[in-house]
Amino acid sequence: MTRLAIVLGPLLGAMLAAQQQEPPFRLPEGVEMKTDLVYARYGQREMHLDLFLPKAGAGPFPAVVYIHGGGWRGGNKGAFRRQAAHMATQGFVGACIEYRLSGEAKYPAAVHDAKAAVRWLRANAAAWRIRPDRIGAAGGSAGGHLVALLGATHAMRELEGEGGNPGQSSRVQAVAPFNPALDLEGLVRGNPQAPATSPLALFLGFSYAERPDLYRQASPVAHVSKASAPFLFLHGTDDKTTPYEHSVAMMKKLQAAGVHAEIFTAEGAGHGFFNRPPWFEPTLKRMEAFFTRLLK
């Protein structure tokens, strides 16, 4: 078994196992849920999101986009509904999105979808009581990777895509990636002949040996600048899939660029820890405090 298979092979299974351990979802009092709203179209392909809205208050409310994990090839938009629903009780609008997985379309399709979702929220801000200048993003694992790209990249035409609402900005004001993939080059370094069936190769469409430039472009750490959004990293120290040290390294790089960056360290926790006891409540509260401070 290759080193990359050992490191990345458990990615999908870890995320799906984490979701299976979640308690039954119940919509909190005072929260309204709108399901399967179309936020982008690519020909006949429609992309959907679920909105979680405070029932009370005229708003406008800050919004947070939530992006699920699953190795870029699995998972679903319901993975963060508990977090989104809770934040709606605190005066936020939550948008849990689907995106095109690697079996359907290769990078940068998933990035295009994430950015299209942000643009849709801005274009429809008045209809859904959203404050368009206060939009954040949160997600885990592969979703954390997409969230980190949202926070780190700006005005890159090749990452915007054709998902709709081209007159709107895809810029976000704060991001909270959970155990994200941040340095794709670092994940494959020393193993340039990674198998074509590895999650990264399936996501990007090429091995590292074929397109090292693509691995670099798809790495959030490569795009850090003073224009990056504030970051809250949430990571377990025993993560065997996406190394904790990568979050520390990117945090320091952001800080060196003058960008606010902090980390929630889950000692001894592995991949997908944030949906499991005893970490769900602490990570939820830390995320809530971060977005309240940055977006409200």
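Buried here means under 20% relative accessible area, a cut-off worth having in mind for the close-ups below, which all come from a predicted model.

**View 1. The whole chain, before zooming in.** The protein has 296 residues, and buried ones make up 59% of them. Its secondary structure adds up to 11 helices and 8 strands. Take the contacts between residues at least 6 apart in sequence: 78% of them link residues at least 24 apart. As for the outside, the accessible surface is about 11400 Å², with 53% of that belonging to carbon and sulfur atoms.

**View 2. Phe231 and Phe233, a stacked pair.** These two phenylalanines form an aromatic pair, with 5.1 Å from centre to centre and 25° between the planes, and the pair is stacked. Are they buried or exposed? Phe231 has 0% relative accessibility, so it counts as buried. Phe233 also comes out at 0% relative accessible area, so it is buried too. Both turn up again in the next view, among the residues of the largest nonpolar core that touch the most other members.

**View 3. The largest nonpolar core, and a second one.** This core holds 67 residues, and those touching the most other members are Tyr39, Leu51, Ile67, Leu121, Phe231, Phe233 and Met250. Helix 4 (residues 109–123) gives the core its largest share, 8 residues. Zoom in on Leu51 and, setting aside residues up to four places away in sequence, you'll find it touching Glu32, Met33, Lys34, Leu37, Val93, Gly94, Ala95, Trp120, Leu121 and Trp128. There's also a second, separate core of 29 residues, with Cys96, Ala138, Ala174 and Ala176 among its members.

**View 4. Tyr66 and Phe80 in an aromatic cluster.** The count of aromatic pairs comes to 13. In one of them, the ring centres of Tyr66 and Phe80 are 6.2 Å apart and the planes meet at 25°; that angle is under the 30 degrees cut-off, so the pair is stacked. Tyr66 belongs to strand 3 (residues 61–67), while Phe80 sits in the loop between strand 3 and helix 3 (81–89), so the pair ties together parts that are 14 residues apart in sequence. Both residues are buried. They also share one aromatic cluster with Phe178, Phe264, Phe273, Phe274 and Trp279.

**View 5. Two arginines over aromatic rings.** Which ring does Arg82 lie over? Arg82 lies over the face of Phe280, 3.8 Å from the ring centre. Arg100 does likewise with Tyr42, lying over the ring face at 3.6 Å from its centre.

**View 6. Strands 3, 5 and 6, side by side.** Strand 3 and strand 5 (residues 130–140) run parallel and are joined by 6 bridges. Look for Val64, which stands opposite Gly136 of strand 5. Strand 5 also pairs with strand 6 (residues 174–178), again in the parallel sense, over 5 bridges. Here Ala137 has Val175 in strand 6 as its bridge partner.

**View 7. Asn179, just off the strands.** Asn179 lies in the loop between strand 6 and helix 7 (184–188). The relative accessible area of Asn179 is 0%, so this asparagine is buried. What surrounds Asn179, leaving aside neighbours within four places in sequence? Its contacts are Gly140, Ser141, Leu234, His235, Asp239, Thr242, His271, Gly272, Phe273 and Phe274. Of these, Phe273 and Phe274 also belong to the aromatic cluster of View 4.

Note on methods. Residues numbered from 1 in each chain as written. Predicted model: local features only at pLDDT ≥ 70, side-chain atom pairs only at ≥ 80, totals over all residues. Heavy atoms only, no water. Phe/Tyr/Trp six-rings, centres within 6.5 Å; stacked < 30°, edge-to-face > 60°. Helix = DSSP H or I, 4+ residues; strand = E, 2+ residues; numbered from the N terminus. Buried < 20%, exposed > 50% of the residue type's maximum accessible area, 1.4 Å probe, protein only. Lys NZ or Arg CZ within 6 Å of the ring centre and 35° of its normal. Core = buried A, V, L, I, M, F, W, Y, C linked by side-chain atoms within 4.5 Å. Contact = heavy atoms within 4.5 Å. Areas by Shrake-Rupley, 256 points an atom, 1.4 Å probe, with all protein chains shown as cover. Pairing = 2+ DSSP bridges.
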